[in-house]
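Q: Please take one small part of this model and look at it closely, and then follow its connections outward into the rest of the chain.

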Amino acid sequence: LKKREIIKGFILENISIFLTIFALALISAINQLSMGGSKSYFWKNFLWHFIGLILFFALFLTIDYRKITTRAVYIIYSVLLFILGVMAIFKARWINLGFISIQPSEFVKPVLALIISLEVEKASSSVLPDRLFFKLLFVIITPLLLILVTDLDYSFIMGVTFFTFLLFLGIPKRILFGLVVVATLAGLLLGPFVWKRLQPHQ
């Protein structure tokens with residue numbers, strides 16, 4: 001009974017967040033229709049969004065994320081790397097299971113977020129130690145390089161997102177300066193190539 005009261009209280013306190021998530025899912029489905037998709041495609045997309053939300057709330061209310069161990073997350077991370085490696089070899093982005101197609105790269109985001117959170121929690125420091133920073137940088141870059149083979153745009157966006165996370169977590173100034181220099185040189189050398197690939201999506 002106490003657990004139910006806690007869950008009920010939590011839902012009521014965060015009802016605006018849950019409604020926002022639902023609204024975003026609805027907007028996403030409507031956006032597909034406005035882009036020229038058929039009504040059947042709209043309802044199919046809406047159905048998958050609805051199922052996704054149900055699964056999200058089911059997992060959210062039944063699994064205590066605080067009990068998830070670092071080792072378990074790294075095991076999932078390793079499995080993802082293996083799958084992404086195989087897909088990179090065959091230059092595939094989706095896994096077709098017949099009734100549904102899965103894009104493994106989508107699972108990289110929550111796994112990376114968990115790894116960063118768990119590692120930073122253990123560090124308990126206002127600035128990331130050098131060793132931890134390079135460890136997290138390696139953990140982030142490795143799957144992105146595998147995704148890069150089949151999806152440059154997505155890999156680039158994810159890279160910027162998670163590097164921004166590290167910036168807010170606190171990077172030692174000397175390392176930040178070195179990264180700025182490297183990023184500037186890389187931008188000058190690779191910028192035209194990256195822009196050419198991204199231009200069709202502008």
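A: Asp151 is a buried residue, because its relative accessible area is 10%, which is under the 20% cut-off. In this predicted model, Asp151 sits in the loop between H6 and H7. Leaving aside neighbours within four places in sequence, Asp151 is in contact with Arg93 and Gln103, and its side chain is joined to that of Arg93 by a polar contact of 2.8 Å. Asp151 also caps the N-terminal end of H7, where one of its side-chain oxygens lies 3.2 Å from the backbone nitrogen of Tyr154.

From this cap we can follow the helix itself. H7 covers residues 152-169, and its 18 residues reach 26 Å from the first C-alpha to the last, close to the 26 Å expected at 1.5 Å a residue. The buried residues of H7 are Leu152, Asp153, Tyr154 and Ser155, followed by Met158, Phe162 and Leu166. A general point about helices helps in reading such a list: an α-helix has 3.6 residues a turn, so residues three or four places apart point the same way. Just after H7, Gly170 takes a positive phi of about 105°.

Ser155, which belongs to helix H7, deserves a separate look. Ser155 counts as buried because its relative accessible area is 6%, again under 20%. Not counting residues up to four places away in sequence, Ser155 touches Leu144, Ile147 and Leu148, and these three residues are among those of H6 that meet H7.

The wider contact between the two helices can now be described. H6, which covers residues 130-148, packs with H7 at an angle of about 170°, and their axes are 9 Å apart. Since angles over 145 degrees count as roughly antiparallel, H6 and H7 are therefore roughly antiparallel to each other. On the H6 side, the residues in this contact are Phe133, Leu136, Leu137, Ile140, Leu144, Ile147 and Leu148. They meet Leu152, Tyr154, Ser155, Met158, Gly159, Phe162, Phe163 and Leu166 on the H7 side. By class, the contact of H6 with H7 has 13 nonpolar residues, two polar ones and no charged ones.

H6 and H7 also have a further partner in helix H5, whose buried residues pack against both of them and against helix H4 (70-89). Those buried residues of H5 are Ser105, Val108, Val111, Leu112, Ile115, Ile116, Leu118, Glu119 and Val120. H5 itself runs over residues 105-123, and its 19 residues reach 28 Å from the first C-alpha to the last, close to the 27 Å expected at 1.5 Å a residue. Just after H5, Ser124 takes a positive phi of about 50°.

Val73, a residue of helix H4, gives a view of H5 from the other helix. Val73 counts as buried because its relative accessibility is 3%, and, not counting residues up to four places away in sequence, it touches Ile68, Val111, Leu114, Ile115 and Leu118. Val73 and Leu118 are 45 residues apart in sequence, while their C-alpha atoms are 9.3 Å apart in space.

These details can be placed in the chain as a whole. The secondary structure of the protein chain comes to eight helices and two strands, in the order α-α-α-α-β-β-α-α-α-α along the sequence. Of its 202 residues, 25% count as buried. Among contacts between residues at least 6 apart in sequence, 66% join residues at least 24 apart.

Note on methods
Residues numbered from 1 in each chain as written. Predicted model: local features only at pLDDT ≥ 70, side-chain atom pairs only at ≥ 80, totals over all residues. Heavy atoms only, no water. Helix = DSSP H or I, 4+ residues; strand = E, 2+ residues; numbered from the N terminus. Expected span 1.5 Å × (residues − 1). Buried < 20%, exposed > 50% of the residue type's maximum accessible area, 1.4 Å probe, protein only. Polar contact = N/O pair within 3.5 Å; in protein donor to acceptor, adjacent residues only side chain to side chain. Axes fitted to C-alpha atoms, helices over the stretch in contact; angles between N-to-C directions. Parallel < 35°, antiparallel > 145°, perpendicular 65-115°, else oblique. Contact = heavy atoms within 4.5 Å. Nonpolar A, V, L, I, M, F, W, Y, C, P; charged D, E, K, R; others polar.
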